[in-house]
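Morning, everyone. I have one structure to walk you through today. Let's put it on the screen.

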Amino acid sequence: APYNYSPAHPCVFCIRLHGGGRKNKNKKKSTLLAVGFPFVSVIGYRESECVAGGRIVVGYIVWFFLNSAYLWRAMPETSKECIVSLLDDTTFTVPVKSTLLGSELLDMAASHCKVKEKEYFGLLTEGEGYKNWLELDKPVLDPSQDLPKSIGPVKIYFCFKFFPSNLHMILDFMTVDLLYLQCRQQIMKGEIVTDPDTLYELAACALQASHGEYKNESEALQHLQALP
């Protein structure tokens with residue numbers, strides 16, 4: 001067959017081979033080869049075919065670069081810097097590779113907090129108008145995780161995903177401490193709404209947790225005014 005090419009061939013450049021021998025001195029033939037690893041395709045054997053073949057190769061080159069740019073954008077990221085925010089307002093930065101699972105990142109965060117009861121916790125991301133929990137059995141950078149689209153590091157929050165129905169179910173004191181910190185944050189942000197009487201009672205509990213037993217009114221007022 002005079003033609004043997006495929007649009008899938010990533011042609012990068014072409015080579016024109018001039019033929020003709022003793023038996024065919026007056027009929028010069030040209031062979032235009034479209035070369036692109038790992039394929040070598042014969043575009044044409046005659047001059048007219050070579051001209052048409054050249055146009056085909058130019059089209060291939062344009063197609064190759066456009067397709068490469070599209071694939072480059074569609075490919076999942078191989079590494080991205082993530083900032084993990086903990087409930088005690090501290091953070092740590094970790095370079096997340098494409099193979100790192102959500103469960104492995106959760107283990108890192110739990111290790112920083114010295115938490116043993118990891119089953120209550122999850123990893124939360126926030127975008128414009130939405131919140132999303134990472135799936136722990138998938139890589140962190142998997143496109144289905146729907147991470148916020150940002151140029152800089154992605155911020156991930158280590159926090160309670162499942163709340164115990166009874167405090168007696170919690171075995172570790174550190175888990176209780178982190179539960180208190182998260183509830184206090186959510187009350188301050190207005191995410192947990194309560195009536196004024198309960199709010200004052202919770203403020204008193206927060207003062208007791210931070211500064212110990214009540215001593216006198218003036219000192220209690222100072223601590224109360226220092227609350228955010």
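I'll take the sheet first, then the helices.

A word of caution: this is a predicted model.

Start with the sheet. It is open and has five strands. Reading across, the order is S5-S4-S8-S6-S7. The pairing is mixed.

Which strands sit at the edges? They are S5, residues 91-97, and S7, residues 130-133. Each of these pairs on one side only. From one strand to the next, the twist averages 35°.

Now look at one pair up close. Strand S4 covers residues 79-85, and its pairing with S5 is antiparallel. Seven bridges join S4 and S5. For a landmark, find Lys80: the residue opposite is Val96 in S5.

What packs on this sheet? Helix H3 does, residues 173-188. H3 touches two strands: S6, residues 121-127, and S8, residues 154-160. The direction of H3 makes about 115° with that of S8.

Next, a helix pair. H4 runs over residues 196-211, and H5 over residues 217-225. These two helices pack with their axes 11 Å apart. The angle between H4 and H5 is about 100°. Angles from 65 to 115 degrees count as roughly perpendicular, so that is the label for H4 and H5.

Which residues make the contact? From H4, we have Ala203, Leu207 and His211. From H5, Ala220, His223 and Leu224. By type, the contact of H4 with H5 has four nonpolar residues and two polar ones. None of the contact residues is charged.

That's the tour. Over to you for questions.

Technical notes:
Residues numbered from 1 in each chain as written. Predicted model: local features only at pLDDT ≥ 70, side-chain atom pairs only at ≥ 80, totals over all residues. Heavy atoms only, no water. Pairing = 2+ DSSP bridges. Helix = DSSP H or I, 4+ residues; strand = E, 2+ residues; numbered from the N terminus. Axes fitted to C-alpha atoms, helices over the stretch in contact; angles between N-to-C directions. Contact = heavy atoms within 4.5 Å. Parallel < 35°, antiparallel > 145°, perpendicular 65-115°, else oblique. Nonpolar A, V, L, I, M, F, W, Y, C, P; charged D, E, K, R; others polar.
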